[in-house]
Amino acid sequence: MATLEELTVTAQAEIDAKKTANGGDGMFAQVNNVRREFTEAEYDQAVIDKANSDFDQQENGYKTARQEAYGSIGDQLDLLYHDMTASKGDKTGEWYKAIKAVKDANPKP
């Protein structure tokens, strides 16, 4: 796992490569219907934003992946209901198997 400082170094290199002065395509802002390249301050902010976003994804991305994979609460309750009526309220039930599969596929860092 990378530290925020390490991710900042990586983000700096990625953003620097995008600058037109370095041969990149540039990053642009639209201000008063005029398209202009980022200022140095905006490029600096882009580095901070990218590093923070990458760090957040590294630390918390598994949560989003799990939420998307779990399915709706209604579907989960339906699985639980069928497990209970089949006397499978333990680790043999379909709900438990479905939740475990999601957790196994998206482990905590």
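**Exercise 1.** Find the ring under the charged end of K19, and give the distance to its centre.

Solution. The model is predicted; local features need pLDDT of at least 70, side-chain atom pairs count only at pLDDT 80 or more, and totals for chains, interfaces and linings use all residues. Residues are numbered from 1 along each chain as its sequence is written, and side-chain values use heavy atoms, with hydrogens and water left out.
- Apply the test: NZ of Lys or CZ of Arg within 6 Å of the ring centre and within 35 degrees of the ring normal.
- K19 sits over the ring of Y43, 5.2 Å from the centre.
- R35 also meets the test: its charged end is over the ring of F28, 3.7 Å from the centre.

**Exercise 2.** Place K19, classify its burial and list its contacts.

Solution.
- K19 lies in the loop between α1 and β1 (28-31). Helices (H or I, at least four residues) and strands (E, at least two) are DSSP runs, numbered from the N terminus.
- Buried means under 20% relative accessible area, exposed over 50%, partly exposed in between (1.4 Å probe, protein chains only).
- K19 has 13% relative accessibility, so K19 counts as buried.
- Contact means heavy atoms within 4.5 Å. Leaving out residues up to four places away in sequence, K19 touches G24, G26, E37, E40 and Y43.

**Exercise 3.** Identify the largest nonpolar core and its main contributor.

Solution.
- Join buried Ala, Val, Leu, Ile, Met, Phe, Trp, Tyr and Cys residues through side-chain atoms within 4.5 Å.
- The largest such core has seven residues: A11, I15, M27, Y43, A46, V47 and A51.
- α1 (4-18) and α2 (40-70) each give two or more residues to this core.
- α2 gives the most, with four residues.
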